[in-house]
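Thanks for coming. I'll talk about pockets today, and I'll keep it short. Here is the model.

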Amino acid sequence: MANDDTDRRRTDEISLDELREEIESIDRELVELIARRTYVADTIAEVKEQGDLPTTDEAQEEAVIKRAVENAEQFEVDSNIVRAIYRLLIELNKVEQRESR
């Protein structure tokens, strides 16, 4: 019950505008991280092309998703949402890799 009181006081002390500013900041960070991830994925695509390696590596994709789900569980985030986001990120990277070849 003490946590409920603490949470209630915390939300009473923070304005809606402040919360929205926090979301805006988080969104910027998310986009920056996606940009960084895309850059690294593009570099991986170049290495794959130079090594004449296939675009798709299903074992690696599953390892990435498994790590993401483990992180989701650690931070108490819905693992289905995280899994869907990572599948989308991976698919977009694969499309970009195929288009660049």
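I'll start with the helix α3, which contributes the most to the lining of the largest pocket, with 6 residues. Keep in mind that this is a predicted model.

Three helices each provide at least two residues of that lining: α2, residues 16-50, α3, residues 58-74, and α4, residues 79-100. In total, 19 residues line the largest pocket. Those nearest its centre are R37, I44, Q60, V64 and I90. The space in this pocket comes to about 460 Å³.

What is the lining of the largest pocket by class? It has 7 nonpolar, 6 polar and 6 charged residues.

Now the second largest pocket. Its space is about 350 Å³. Which helix gives the most to the lining of this one? Here it is α2, with 6 residues. At least two residues of the lining come from each of α2 and α4.

The list is short enough to read out: L30, L33, I34, R36, R37, V40, V82, I85, Y86 and L89 line the second largest pocket. By class, that lining has 8 nonpolar residues, 2 charged ones and no polar ones.

One residue to mark on your own copy is R37. It is among the residues nearest the centre of the largest pocket, and R37 also appears in the lining of the second largest pocket.

To put the two linings side by side: the largest pocket has 6 polar residues in its lining, while the second largest has no polar residues there.

That's what I have on the pockets.

Key: Residues numbered from 1 in each chain as written. Predicted model: local features only at pLDDT ≥ 70, side-chain atom pairs only at ≥ 80, totals over all residues. Heavy atoms only, no water. 1 Å grid on protein atoms, 1.4 Å probe; cavity = no way out; pocket = protein on both sides within 12 Å on 5 of 7 lines; lining within 4 Å. Points joined across faces, edges and corners; volume = space filled by probe spheres on them. Helix = DSSP H or I, 4+ residues; strand = E, 2+ residues; numbered from the N terminus. Nonpolar A, V, L, I, M, F, W, Y, C, P; charged D, E, K, R; others polar.
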